[in-house]
Amino acid sequence: MCRKILNVRLFDDENGKPWAKSVSQMGYPVLLVSQFTLYAYPNGNKPDFHEAMAPKLSQPFYESFVKQMKDQYKPDLIHDGVFGAYMHVSLVNDG
């Protein structure tokens with residue numbers, strides 16, 4: 001997963017060619033966010049999270065993932081939030 005995130009070509013190159021450069025090639029920072037709600041599925045009129053990993057298992061799993069990302073890229077460019085915290089995240093979607 002780390003290799004895919006760091007090497008997927010999402011960005012234009014210096015000549016404007018789309019889908020030509022990766023995060024690692026551009027030297028961009030990466031924000032990792034633990035987001036269990038992405039694992040929900042609809043069950044009637046509300047989301048069901050029963051298939052999501054329990055916090056006691058998922059926190060060490062997530063922390064291991066963050067460490068792997070830092071080991072495989074520039075540690076100062078890998079950022080994450082507080083596991084299990086309610087976070088406000090802002091972004092600019094370009095595309």
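**A short tour of a 95-residue model**

Hi everyone. Of the 95 residues in this protein, 19% count as buried. Please keep in mind that we are looking at a predicted model.

Let's begin with the overall layout. The protein has three helices and six strands. If you follow the sequence from start to end, they come in the pattern α-β-β-α-β-β-β-α-β. How does the protein compare with a compact globule? Its radius of gyration is 16 Å, while the globule rule gives 12 Å for 95 residues, so the protein is more spread out than a compact globule. You can also picture a box: along the principal axes, the C-alpha atoms fill roughly 50 × 30 × 25 Å.

Now for the surface and the contacts. The accessible surface comes to about 7,800 Å², and carbon and sulfur atoms account for 56% of that. Among contacts with a separation of 6 or more, 46% are between residues 24 or more positions apart.

Let's zoom in on strand E1, which covers residues 9-11. Leu10 is found in this strand. Is Leu10 buried, partly exposed or exposed? Leu10 is partly exposed, because its relative accessible area is 42%, and buried would mean under 20%. Together with Val8 and Trp19, Leu10 makes a nonpolar surface patch of about 310 Å².

Next comes Ala20, in the loop between E1 and strand E2. Ala20 has a relative accessible area of 16%, so this residue is buried. Which residues does Ala20 contact, once we leave aside its neighbours within four places in sequence? They are Arg9, Phe11, Asp13 and Gln25. As for Val8 from the patch, Ala20 is twelve residues from Val8 in sequence, and their C-alpha atoms are 9.1 Å apart in space.

Phe11 brings me to the aromatic rings. How many aromatic pairs are there? The count comes to two. In one of them, the ring centres of Phe11 and Tyr28 are 4.9 Å apart and the planes are at 90°, so this pair is edge-to-face. Phe11 lies in strand E1, and Tyr28 is in the loop between helix H2 and strand E3, so the pair ties together parts that are 17 residues apart in sequence. Both partners are partly exposed: Phe11 has a relative accessible area of 26%, and Tyr28 has 32%.

The other pair is Tyr62 with Phe83. Here the centres are 5.9 Å apart and the planes are at 40°, so the pair is tilted. Where do these two residues sit? Tyr62 is in helix H3, residues 55-72, and Phe83 is in the segment after strand E6. They are 21 residues apart, so to speak, distant parts of the chain linked by one pair. Tyr62 is buried at 10% relative accessible area, whereas Phe83 counts as partly exposed at 24%.

One last stop, back in helix H3, where we find Ser58. Is Ser58 buried or exposed? With 15% relative accessibility, Ser58 counts as buried. Not counting residues up to four places away in sequence, Ser58 touches Met53 and Phe83. So Phe83 comes up twice in this talk: Phe83 pairs with the ring of Tyr62, and Phe83 is also touched by Ser58.

Thanks for listening, and do turn the structure around yourselves!

Key
Residues are numbered from 1 along each chain as its sequence is written. This is a predicted model: local features need pLDDT of at least 70, side-chain atom pairs count only at pLDDT 80 or more; totals for chains, interfaces and linings use all residues. Side-chain values use heavy atoms; hydrogens and water are left out. Patches are made of residues with over 30% relative accessible area and no salt bridge: like charges are joined within 9 Å, nonpolar side chains (Val, Leu, Ile, Met, Phe, Trp, Tyr) within 5 Å. Accessible areas come from the Shrake-Rupley method with a 1.4 Å probe; for residues, only the protein chains shown count as cover. A salt bridge is a side-chain nitrogen of Lys or Arg within 4 Å of a carboxyl oxygen of Asp or Glu. Helices (H or I, at least four residues) and strands (E, at least two) are DSSP runs, numbered from the N terminus. Buried means under 20% relative accessible area, exposed over 50%, partly exposed in between (1.4 Å probe, protein chains only). The radius of gyration is taken over C-alpha atoms; the globule rule is 2.2 Å times the number of residues to the power 0.38. Contact means heavy atoms within 4.5 Å. Rings of Phe, Tyr and Trp (its six-membered ring) pair if their centres lie within 6.5 Å; planes under 30 degrees apart count as stacked, over 60 as edge-to-face and the rest as tilted.
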